[in-house]
Amino acid sequence: MRRGASLLEVLIGLSIVSVAVISMAGAMRQGARDVGSSAQHMAAAALEQRFVEALMQSSQGDDSDALLDGWTSERLLPLADAGHPCFAVLEDSAPPWGRLEPGRDRALGVELTETYRHYGGFAGRVAHAPVDRGGAVDVDVRLEDGDRHAFDLPLVLGFSTEEPPEPPPVPEALDSEIAAILYPDGSEPLDRAVRRAGGDLAITRDLGGVLVPLRAAALADAALAARAVEASGDLLELARVVERRAALAWSAGLSVAPCVGRLERSTGRLVRGVRVDVRPVVLGELRRGAALGERFVAHAAEALGAYRAAREAVGVGGLTLRVLHLDRRILDAAEIVALCAPERGHGFLQAWIAFLAETYRGRGPGMEAHLARERAWSADADRLTARHPRVAARLAELRAACAAMSALEARCTRELP
Amino acid sequence: MSARRAVAVLELLIAASLVATLFALTVSGITWSRRAASSGVMPKVELQYQARAALAALVAELEDGIEVVRPPCGATLDYFVVRDGRNHLLLGYPEQTRQGRRFCLFRRDTSPGGRDTGQRVLWSRIQDVAFTALAPDLLQVRLTLEDESGARFPVLTAIRCRNSSAEAIP
């Protein structure tokens with residue numbers, strides 16, 4: 001006879017079903033929580049992207065110490081209601097239109113209902129490792145949402161130090177090139193010609209190490225001067241060509257500095273047995289070499305003038321990328337001129353920074369922050385020198401080389417036949 | 001006669017209450033799961049997925065650019081125009097349809113004889129769009145995605161035109 005299920009069996013069966021269903025419900029509940037957490041994670045990633053872009057925008061051309069000083073904080077700052085410098089203003093929502101002005105325009109506030117609900121609970125902090133002046137720094141961007149979930153973004157930021165590149169190593173002047181300048185009529189190798197004349201080969205090579213690069217630079221400069229004449233109708237092209245003339249003077253002066261230094265310290269006679277008509281050539285090259293420092297400053301100032309003229313031709317209308325690049329280039333050139341010749345360039349540099357500060361007010365937070373730092377750095381010549389220590393050191397080196405070339409010219413006047 | 005004993009009323013009551021409790025738990029679990037699946041979780045997952053995919057597509061399009069032409073620096077508009085290295089213009093704009101607002105992309109070839117690409121719908125339902133140029137090569141994007149059930153997912157980020165250095169003065 002068939003027996004029905006006992007009450008105990010029904011209870012056991014129902015318990016098993018209940019446990020299974022409740023477990024599934026729990027799993028789904030956890031899934032729902034995970035979806036919420038995933039949404040927060042996506043929001044954090046989007047916010048971090050904005051953080052990083054703003055940080056990079058602000059970092060252009062600046063020293064990392066100063067940049068990060070303005071961004072780092074000990075504690076987490078709320079992103080909502082302009083609580084964090086990175087989110088001081090979000091959108092242009094009030095006149096004057098076309099300028100983002102903290103306090104006047106919209107921050108991440110309650111009026112952005114959905115965005116505020118989703119992102120308003122976040123707080124952010126930027127921290128960095130001890131700053132390495134080599135041009136990169138480890139930065140950690142941390143965001144926490146309203147439920148204290150933390151999202152960390154470690155990154156490495158590179159900084160442009162605006163220092164000019166080291167001049168490329170100049171190949172040692174070939175003996176044949178030196179012989180062509182000092183012993184133009186002979187077919188003998190340099191060492192034999194020097195030995196026959198009773199001269200010192202090392203000193204002769206050092207003199208050649210000065211004369212050969214100076215002559216090459218003079219030829220290149222003549223070609224650039226011709227191009228500058230051709231480019232006179234195109235201000236930007238003219239500025240670029242003149243800038244290259246300045247760079248040429250800079251690198252030529254620095255590249256001959258080691259040989260000039262050795263000649264300055266040597267006590268032996270310079271060269272012997274050179275032809276009388278070589279003397280004006282040698283003296284002419286050295287005279288040009290002694291003027292390289294002044295030529296560098298003159299060309300830099302000329303390039304600055306051409307860039308300014310090109311910028312004035314554009315006017316103060318739309319801030320295009322080209323205008324931004326041009327403004328930055330003028331700022332760089334003005335700093336160099338102010339550094340080399342404060343009496344000529346410092347006034348203009350300050351005026352230019354003031355002009356840019358007004359032009360970019362509310363039109364690029366990164367550029368604004370950059371200009372605020374530039375204004376502090378350009379307050380006086382000492383601070384400007386401290387801002388560009390390598391340029392200042394190289395400039396001193398260039399000036400010393402020019403002075404040494406001037407002394408060498410006097411020595412050649414005495415010692416050359 | 002059978003030796004089997006009848007169930008006492010108290011036992012029956014206890015058993016009935018246990019069954020009722022377990023049944024109630026089971027039913028509430030199933031109901032919650034169904035509600036979560038139909039009205040909350042799945043649409044959010046779907047919306048997040050769409051947001052990720054669409055944002056990745058927008059980033060890829062914008063990163064290819066050189067310069068943000070519109071909005072001008074420091075301004076906010078509900079559309080953008082970005083120029084790329086081939087002088088193509090990428091337009092992103094909201095469009096009103098019967099179903100609501102959607103967000104579209106359109107690439108215009110400005111070279112002589114160039115051909116425009118057709119309109120491409122990036123998001124089918126959006127609310128509250130705002131693009132702000134933080135720099136000539138940096139665009140802040142804020143918009144809220146929506147689905148048929150009314151679930152919303154706001155996006156706030158910034159995208160840089162990675163080719164902006166192409167305009168640098170050599």
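Reader: Which element of chain A has the lowest mean pLDDT, and which the highest?
Author: In this predicted model, helix H2 of chain A (residues 64-69) has the lowest mean pLDDT among the elements of chain A, at 58, while strand S1 of chain A (residues 77-78) has the highest, at 92. Here pLDDT is the predictor's confidence in each residue, from 0 to 100, and helices (H or I, at least four residues) and strands (E, at least two) are DSSP runs, numbered from the N terminus. Where pLDDT is low, the predicted coordinates should not be read in detail.

Reader: And what does chain A average?
Author: The average pLDDT of chain A is 84, and 89% of its residues score at least 70.

Reader: What should I know about numbering and filters?
Author: Residues are numbered from 1 along each chain as its sequence is written, and chains are lettered from A and ligands numbered from 1 in the order in which they are written. Local features need pLDDT of at least 70, side-chain atom pairs count only at pLDDT 80 or more, totals for chains, interfaces and linings use all residues, and side-chain values use heavy atoms, with hydrogens and water left out.

Reader: Switching to the interface, how many residues does each chain bring to the contact?
Author: Chain A brings 50 residues and chain B 48, where contact means heavy atoms within 4.5 Å.

Reader: Which three residues of chain A supply the most buried area there?
Author: Met42(A), Glu53(A) and Leu321(A) supply 15% of the area that chain A buries against chain B, more than any other three residues. Between them, the two chains bury about 4600 Å², with 65% of it on carbon and sulfur atoms; buried area is the accessible area (1.4 Å probe) that two parts lose on being put together, summed over both.

Reader: How many salt bridges cross over?
Author: The rule finds four across the interface of chain A and chain B, a salt bridge being a side-chain nitrogen of Lys or Arg within 4 Å of a carboxyl oxygen of Asp or Glu. Glu114(A) and Arg152(B) meet through their side chains in a salt bridge, at 3.6 Å from N to O.

Reader: Which elements of chain A are on that side?
Author: Those giving two or more residues to the side that touches chain B are helix H1 (7-59), helix H3 (113-119) and helix H10 (321-340) of chain A. H1(A) gives the most, with 22 residues.

Reader: Is Val17(A) buried or partly exposed?
Author: Val17(A), which is found in helix H1 of chain A, counts as partly exposed because its relative accessibility is 44%; buried means under 20% relative accessible area, exposed over 50%, and partly exposed in between (1.4 Å probe, protein chains only).
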